[in-house]
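Me: Got a minute to go through a model with me? I'd like to talk about charges, pockets and rings.

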Amino acid sequence: MTLRKVRNEQIQLYRLRTPPERVRALLVEYVKQANDLAARPRFYNTLTTNCTTTIFNMMRAVTSSIPFDWRIILTGHLPSYLYEHGAVDTRIRLEALRQRADVTSRVDASLSEKEFSSRLRETVPEPR
């Protein structure tokens, strides 16, 4: 995240509505993918292997209920996909959610891990 801030990129954080068993399965998939990358590095590809498509593929590995959509591929469109599928807080309008998800100003590498994590989540709404 701090690299994105150095590059003056916007950083957004969305809390997802996900059952605990799926969260655990996704964490295991993250560890599996990290170990796989350590053994067999891959190149970043804006269309096929980017931050969104990689996470989407991991989610598909733990559940088959996530439909593919063009917003998975094009940068910046994932929030509307998540909103449409009720995976994020839909009690507020999407634009308000996007504004509250913007954590760019809170990214501070000088904070401890615990402070960093808490500070990022301060105003990000949890879906209910």
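What follows is a chat about salt bridges, pockets, an aromatic pair and a few single residues.

Me: Before we start, what am I looking at?

Reply: This is a predicted model, where local features need pLDDT of at least 70, side-chain atom pairs count only at pLDDT 80 or more, and totals for chains, interfaces and linings use all residues. Residues are numbered from 1 along each chain as its sequence is written, and side-chain values use heavy atoms, with hydrogens and water left out.

Me: OK, charges. How many salt bridges does the structure hold?

Reply: Eight. The term stands for a side-chain nitrogen of Lys or Arg within 4 Å of a carboxyl oxygen of Asp or Glu.

Me: What's the N to O distance for E126 and R15?

Reply: Their side chains meet at 2.8 Å, N to O. E126 sits in the segment after α7 (113–120) and R15 in the loop between α1 (2–6) and α2 (20–39), so the salt bridge ties together parts that are 111 residues apart in sequence. The helices here are DSSP runs (H or I, at least four residues), numbered from the N terminus.

Me: Are E126 and R15 buried or exposed?

Reply: In between. E126 is partly exposed, with a relative accessible area of 43%, and R15 is partly exposed too, at 23%. The cut-offs are under 20% relative accessible area for buried and over 50% for exposed, with partly exposed in between (1.4 Å probe, protein chains only).

Me: And D69 with R71, buried or exposed?

Reply: Both D69 and R71 are buried. They form a salt bridge whose closest N and O atoms are 2.8 Å apart.

Me: Which residue does D108 pair with?

Reply: R119, at 3.9 Å from N to O. D108 is in the loop between α6 (94–101) and α7, while R119 is in helix α7, so this salt bridge links parts that are 11 residues apart in sequence. D108 is partly exposed at 26%, as is R119 at 29%.

Me: What links D36, R40 and R42?

Reply: A network of salt bridges.

Me: Switching to pockets. What's the volume of the largest one?

Reply: About 1,700 Å³. A pocket here is an open set of points on a 1 Å grid over the protein atoms alone, where a 1.4 Å probe fits and there is protein on both sides within 12 Å along at least five of seven lines; lining residues have an atom within 4 Å of a point. Grid points are joined across faces, edges and corners, and the volume is the space filled by probe spheres set on the points.

Me: Which residues are closest to its centre?

Reply: C51, T52, I55, L78 and L82, out of 44 residues that line the largest pocket. The elements giving two or more residues to that lining are α1, α2, α3 (51–62) and α5 (78–84).

Me: How does that lining divide between nonpolar, polar and charged?

Reply: The largest pocket has 24 nonpolar, 12 polar and eight charged lining residues. Ala, Val, Leu, Ile, Met, Phe, Trp, Tyr, Cys and Pro count as nonpolar, Asp, Glu, Lys and Arg as charged, and the others, Gly among them, as polar.

Me: And what lines the second largest pocket?

Reply: Its lining residues include Y30, Q33, R42, F43, C51, I55 and M58. The elements that give two or more residues to this lining are α2 and α3. The second largest pocket holds about 230 Å³ of space, and its lining has eight nonpolar, three polar and one charged residues.

Me: How many aromatic pairs turn up?

Reply: One in the whole structure. F56 and F68 are edge-to-face, 5.9 Å centre to centre with 70° between the planes. F56 lies in helix α3 and F68 in the loop between α3 and α4 (70–73), so the pair joins parts that are 12 residues apart in sequence. Rings of Phe, Tyr and Trp (its six-membered ring) pair if their centres lie within 6.5 Å; planes under 30 degrees apart are stacked, over 60 edge-to-face and the rest tilted.

Me: Is either ring buried or exposed?

Reply: F56 is buried at 6% relative accessibility, whereas F68 is partly exposed at 48%.

Me: Last one: what does T53 touch?

Reply: L47, T48, I72 and I73, not counting residues up to four places away in sequence. Contact means heavy atoms within 4.5 Å. T53 is in helix α3 and buried, with a relative accessible area of 6%.
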